[in-house]
Amino acid sequence: MREQADTRTRIQETALRLFVEQGYEATSLREIAEILGVTKAALYYHFKTKDDIVASLAGERLRIVEELIAWVESRPRTEETRRELLRRYADDLYHERHHQIMRFFERNQTALKNHPVMGKTRERMLHLIGFLVEPGDSAVVRLRSSLALFALHASGFLLSGDELSDDERRAAALEVALDLIRR
């Protein structure tokens with residue numbers, strides 16, 4: 001059973017790397033299988049289509065967002081809760097391959113814009129953003145607060161040419177995000 005999980009993870013990691021490097025549409029299941037040194041049948045055992053791989057990767061992100069939503073719903077609506085929400089989101093975003101998954105979504109927006117998982121992702125992200133604002137906030141405050149989450153994402157590609165570690169990118173993004181929610 002562990003070997004199957006390892007194979008599934010290797011498929012996801014290889015597909016993710018190829019999707020980011022050369023694009024979702026330019027990557028084939030055959031190519032993924034060849035790079036892994038497995039048969040197409042072995043790959044099909046885990047994923048029948050590229051969409052299945054995307055759904056599995058997005059499922060990981062959605063699970064994390066759902067956990068954050070559950071956490072924030074159990075907390076009082078305070079500035080400290082908003083700050084902690086951003087810290088937790090930044091930690092999760094830079095943990096393991098989640099930052100790479102977000103880079104994949106960012107670089108393949110056109111190919112994925114009608115993919116069912118994208119609609120669910122957008123809906124959950126908007127729900128999460130709702131915890132960063134208060135009823136009656138001005139348009140400026142709502143926009144600034146919403147941009148806090150996007151600052152965490154943007155650091156991955158806006159600072160990618162810099163000689164920064166992921167920790168340094170995360171720290172810079174979190175500082176900007178926290179500043180954006182300051183009232």
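## Starting at R82

Let's begin with one residue, R82, and its neighbours. Leaving out residues up to four places away in sequence, R82 touches R77, F131, L132, E134, I181 and R183. What you are looking at is a predicted model, so keep that in mind as you turn it around on your screen.

Where does R82 sit? You'll find R82 in helix α5. Is R82 buried or exposed? With a relative accessibility of 6%, R82 counts as buried, because the cut-off for buried is under 20%.

## The whole chain

Now zoom out. How many helices and strands does the chain have? The count is ten helices and zero strands. Walk along from the N terminus and the elements read α-α-α-α-α-α-α-α-α-α.

The C-alpha trace spans about 55 × 35 × 30 Å along its principal axes. The chain has 183 residues, and buried ones make up 45% of them. Here's another number to look at: take the contacts with a separation of 6 or more, and 71% of them are between residues 24 or more positions apart.

## The nonpolar core

Next, the inside. The largest nonpolar core has 50 residues, and the ones with the most contacts inside it are I32, L86 and L152. Which helices each supply at least two residues of this core? They are α1 (2–22), α2 (29–36), α4 (50–73), α5 (79–93), α6 (98–107), α8 (116–129), α9 (139–158) and α10 (166–180). The helix that gives the most is α4, with eleven residues.

Try clicking on L86. Setting aside residues up to four places away in sequence, L86 touches L132, A148, L149, L152, L174, A177, L178 and I181. One of those partners, L152, is also among the core residues with the most contacts. And two of them may ring a bell: L132 and I181 are touched by R82 too.

## How α4 and α6 pack

Let's look at some helix pairs, starting with α4 and α6. These two pack at an angle of about 120°, with their axes 10 Å apart. The two helices are therefore oblique to each other. Their crossing is left-handed.

Which residues meet here? From α4 come V54, L57, A58, E60, R61 and I64, and from α6 come H98, I101, M102, F104 and F105. Sorted by class, the residues of this contact are eight nonpolar, one polar and two charged.

## How α6 and α9 pack

Helix α6 has another partner, α9. The axes of α6 and α9 come within 10 Å and cross at roughly 80°, so the two helices are roughly perpendicular to each other. On the α6 side the contact is made by H99, M102, R103 and E106, and on the α9 side by H153, G156 and F157. The class split here is two nonpolar, three polar and two charged residues.

Notice M102 in that list. It is part of the contact between α4 and α6 as well.

## How α8 and α9 pack

Helix α9 also packs with α8. Their axes come within 9 Å and cross at roughly 125°, which makes α8 oblique to α9. The crossing of this pair is right-handed.

M125, L128 and I129 of α8 meet S146, L149, F150 and H153 of α9. By class, that gives five nonpolar, two polar and no charged residues. You have already seen H153 in the contact of α6 with α9, and L149 among the residues that L86 touches.

## Two threonines to compare

To finish, here are two threonines. T14 lies in helix α1, while T110 is in helix α7 (residues 109–112). Which one is buried, and which one is exposed? T14 is buried, with a relative accessible area of 10%. T110, at 69% relative accessibility, counts as exposed, because exposed starts at over 50%.

What does T14 touch? Its partners are I32, I35 and L36, again not counting residues up to four places away in sequence. You met I32 earlier, as one of the core residues with the most contacts. As for T110, try finding E25: the two are 85 residues apart along the chain, and their C-alpha atoms are separated by 9.9 Å.

Conventions:
Residues are numbered from 1 along each chain as its sequence is written. This is a predicted model: local features need pLDDT of at least 70, side-chain atom pairs count only at pLDDT 80 or more; totals for chains, interfaces and linings use all residues. Side-chain values use heavy atoms; hydrogens and water are left out. A nonpolar core is a set of buried Ala, Val, Leu, Ile, Met, Phe, Trp, Tyr and Cys residues joined through side-chain atoms within 4.5 Å. Buried means under 20% relative accessible area, exposed over 50%, partly exposed in between (1.4 Å probe, protein chains only). Helices (H or I, at least four residues) and strands (E, at least two) are DSSP runs, numbered from the N terminus. Contact means heavy atoms within 4.5 Å. Axes are lines fitted to C-alpha atoms, for helices over the stretch in contact, and angles run from 0 to 180 degrees between N-to-C directions. Angles under 35 degrees count as roughly parallel, over 145 as roughly antiparallel, 65 to 115 as roughly perpendicular and the rest as oblique. A crossing is left-handed if the near helix is turned anticlockwise from the far one by less than a right angle, and right-handed if clockwise. Ala, Val, Leu, Ile, Met, Phe, Trp, Tyr, Cys and Pro count as nonpolar, Asp, Glu, Lys and Arg as charged, and the others, Gly among them, as polar.
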